[in-house]
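Work through the exercises below with the sequence and the 3D view open side by side. Try each task before you read the solution that follows it.

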Amino acid sequence: MKRRFPILILLFASSVPLLAQSERNTDFGAIASAELSVDLKNGFGLSVEEELRFQDNCAQFDRWLNSIGVEYGFLHNRMKAGLAFDYIRRYNNDGYFENRGRIVGYLTYAETVRNFKFSLRTKLVSTFFDEQTGEHRVNPKMYWRNRLQVSYQRPYSRFKYALSAEMFWLVNDPKNCIVDNIRTVASVDYRLTRRQYVSAFVRMENEIQVKQPVDRYYLGLTYKVKL
C-alpha cells in the first residue's frame, strides 16, 4: 500500500500541466449538504446524504442529490469497503430537469501517523442516464476515481483540517478513455457536540483533455450527524 501513494502523486503531478490549456472558462458555485451515518453491528455502517448544488456564479440550480450507502470496516477499521446508490435530479444544459441514477463502489485504506491521517480511496462510479431526455454516447458512463487525502487533528481539538486531490478517469468511452477532471478540496471540520459536526470546504474542479475546459470553484457547507 505504501507504494501506491507515490504512484498517485506522480499521476496527479503529470496531469497538472494539462491545466494550462487555452480558452479555459471559469465558474463559481455553492454546495449545501447534510449527512447522517449510523454505526451498525459487526463493522457495518449505514449512511444517508442530501446535497444541493448551484453553479453559474451561484445563480443557477445545478442538481439535487439523494444518496444511501452501506459500509464495512475491517483490518482494525483501517480499510473500508462501501456500496452506495445515488438519485440525482439535474438541471441540464437544455433547460429542464433530468433524472439520473448512480451506483458507487469504493475501497478506502487509511493509516494514522501521530496527528496526521493518510487515506487512499479508489472508487468506481457508474451513472445511468434517461435516454428520453437526451442522447448519450455512453450510457452508463463509468468513472474510476482515485483520491489521496491528508487530514490533521490535534488531540482533544474540535477542529480537523484536510486536503485532498482526486482524479477522474473515464473508463468506458471508446473515444475518450482519459482522465478528464481533477478535483482538489480543502476543508475544516468543527465538532459541535459528541455526535454533530459542521464542515466548511473549498472545492476546485479542473477539466482537462476536453474541448472548452472549465475551472469550477465551489464553497460548501455540510452538517454531519454520527450515531
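Two strands are said to pair if DSSP finds at least two bridges between them. Keep in mind throughout that the model is predicted.

**Exercise 1. Describe the sheet, and then find which residue of E3 stands opposite Phe-44.**

Solution. Begin with the whole arrangement: 11 strands form a closed barrel, which runs E1-E2-E3-E4-E5-E6-E7-E8-E9-E10-E11 and has mixed pairing. Neighbouring strands of this sheet are turned against each other by 20° on average, when direction is ignored. Next, turn to strand E2, which covers residues 44-55 and is joined to E3 by 12 bridges, the two strands running antiparallel. Finally, look across from Phe-44, and you will find Tyr-72 of E3 opposite.

**Exercise 2. Decide whether Tyr-161 is buried, partly exposed or exposed, and list its contacts beyond its neighbours in sequence.**

Solution. First locate the residue: Tyr-161 belongs to strand E8, which spans residues 159-170. The relative accessibility of Tyr-161 is 40%, and because partly exposed covers the range between the buried limit of under 20% and the exposed limit of over 50%, Tyr-161 counts as partly exposed. Then set aside the neighbours within four places in sequence, and the residues in contact with Tyr-161 are Val-150, Ser-151, Tyr-152, Ser-187 and Val-188. As a last step, compare sequence with space: Tyr-161 and Phe-201 are 40 residues apart along the chain, while their C-alpha atoms are 9.7 Å apart.

**Exercise 3. Do the same for Ser-187: is this residue buried or exposed?**

Solution. Ser-187 is found in strand E9, residues 179-191. Its relative accessible area is 16%, and since buried means under 20%, Ser-187 is buried. Leaving out the neighbours up to four places away, Ser-187 is in contact with Lys-160, Tyr-161, Ala-162, Ser-199, Ala-200 and Phe-201. One of these, Lys-160, is 27 residues away from Ser-187 along the chain, with 8.2 Å between the two C-alpha atoms.

**Exercise 4. Find where Asp-173 lies, and identify the backbone nitrogen that is 3.0 Å from a polar atom of its side chain.**

Solution. Asp-173 is in the loop between E8 and E9. With a relative accessible area of 5%, which is under the 20% limit, Asp-173 is therefore buried. The backbone nitrogen in question is that of Lys-175, which lies 3.0 Å from a polar atom of the Asp-173 side chain. Apart from residues up to four places away in sequence, Asp-173 touches Arg-137 and Val-138.

**Exercise 5. Examine the backbone in three loops, looking for a cis peptide bond and for positive phi values in residues other than glycine.**

Solution. Start from the general rule that most residues other than glycine have a negative phi, and that most peptide bonds are trans. The peptide bond from Asn-139 to Pro-140 is cis, with omega near 5°, and Pro-140 sits in the loop between strand E6 (116-129) and strand E7 (141-152). Asn-77, which is not a glycine, has a positive phi of about 70°; this residue lies in the loop between strand E3 (60-74) and strand E4 (79-91), and counts as partly exposed at 48% relative accessibility. Gln-209 likewise has a positive phi, near 60°, and its place is in the loop between strand E10 (196-207) and strand E11 (214-226). At 38% relative accessibility, Gln-209 counts as partly exposed.

Methods: Residues are numbered from 1 along each chain as its sequence is written. This is a predicted model: local features need pLDDT of at least 70, side-chain atom pairs count only at pLDDT 80 or more; totals for chains, interfaces and linings use all residues. Side-chain values use heavy atoms; hydrogens and water are left out. Helices (H or I, at least four residues) and strands (E, at least two) are DSSP runs, numbered from the N terminus. Buried means under 20% relative accessible area, exposed over 50%, partly exposed in between (1.4 Å probe, protein chains only). Contact means heavy atoms within 4.5 Å. A polar contact is a pair of N or O atoms within 3.5 Å; within protein, one must be able to donate a hydrogen and the other to accept it, and residues adjacent in sequence count only if both atoms are side-chain atoms. Axes are lines fitted to C-alpha atoms, for helices over the stretch in contact, and angles run from 0 to 180 degrees between N-to-C directions.
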